[in-house]
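Let's take a friendly walk through one protein model. Have a look at the picture first, then read on.

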Amino acid sequence: MDIDDLQAQLRSFAADRDWQPFHTPKNLAMALMVEAAELLELFQWLTPQESRSLAQQAEGRERVGEEMADVLLYLLQLADHTGVDLEAAVAHKLQMNAIKHPPLVR
């Protein structure tokens, strides 16, 4: 997945529709949360086992995939509009998590 290319595609998509005035960090963050809630809604009343098996069927996998894609696309746009380098941010966060949560000693 090429993050820079996806962000360029999203900028072009928004520009072609004159959506740039609406793509503020605040609005993108809110849209991201709405899409995350739509993803959550797919799992909301499922048992743990049902939630694990939802994406094992084509229809469930498609629905979950669509919502995950929406979340990712809004996250990419938010990063683009705030100047956050997602690859660097993820690498840094993984390092911080490794320090905060060291492996179990067995």
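## Starting with one arginine

Is R11 buried, exposed or partly exposed? R11 counts as partly exposed, because its relative accessibility is 41%, and that falls between the 20% limit for buried and the 50% limit for exposed. Keep in mind that you're looking at a predicted model.

## A bridge between two helices

So what does R11 pair up with? The side chain of R11 meets that of D80 in a salt bridge, with 2.7 Å from N to O. R11 sits in helix α1 and D80 in helix α4, so this pair ties together parts that lie 69 residues apart in sequence. If you go hunting through the whole structure, you'll find one salt bridge.

How does the partner fare? D80 has a relative accessibility of 25%, so D80 counts as partly exposed too.

## Q7, tucked away

Now slide along to Q7, which also belongs to helix α1. With a relative accessible area of 9%, Q7 is buried, because the cut-off for that label is anything under 20%.

Who does Q7 touch? Setting aside neighbours within four places in sequence, Q7 is in contact with L76, A79 and D80. You've already met D80 as the salt-bridge partner of R11.

## The nonpolar core

Which residues make up the largest nonpolar core? There are five in all: I3, L10, L76, A79 and L86. The elements that give two or more residues to this core are α1 and α4. Two of the core members, L76 and A79, are also contacts of Q7.

L10 is worth a second look. Not counting residues up to four places away in sequence, L10 touches L73, L76 and Q77. L76 belongs to the core along with L10.

## The largest pocket

Next up is the largest pocket, which holds about 190 Å³ of space. Its lining is made of L10, F13, A14, W19, H23, D70, L73, Y74 and Q77. So L10 turns up here as well as in the core, and L73 and Q77, which L10 touches, are also part of the lining.

Where does the lining come from? Helix α1 (3-16) and helix α4 (58-82) each supply at least two of its residues. The largest share belongs to α4, with four residues. Sorted by class, the lining has six nonpolar, two polar and one charged residues.

## Pulling it together

The helices α1 and α4 keep coming back: the salt bridge joins them, both give two or more residues to the largest nonpolar core, and both help to line the largest pocket.

Technical notes. Residues numbered from 1 in each chain as written. Predicted model: local features only at pLDDT ≥ 70, side-chain atom pairs only at ≥ 80, totals over all residues. Heavy atoms only, no water. 1 Å grid on protein atoms, 1.4 Å probe; cavity = no way out; pocket = protein on both sides within 12 Å on 5 of 7 lines; lining within 4 Å. Points joined across faces, edges and corners; volume = space filled by probe spheres on them. Nonpolar A, V, L, I, M, F, W, Y, C, P; charged D, E, K, R; others polar. Salt bridge = Lys/Arg side-chain N within 4 Å of Asp/Glu carboxyl O. Buried < 20%, exposed > 50% of the residue type's maximum accessible area, 1.4 Å probe, protein only. Core = buried A, V, L, I, M, F, W, Y, C linked by side-chain atoms within 4.5 Å. Contact = heavy atoms within 4.5 Å.
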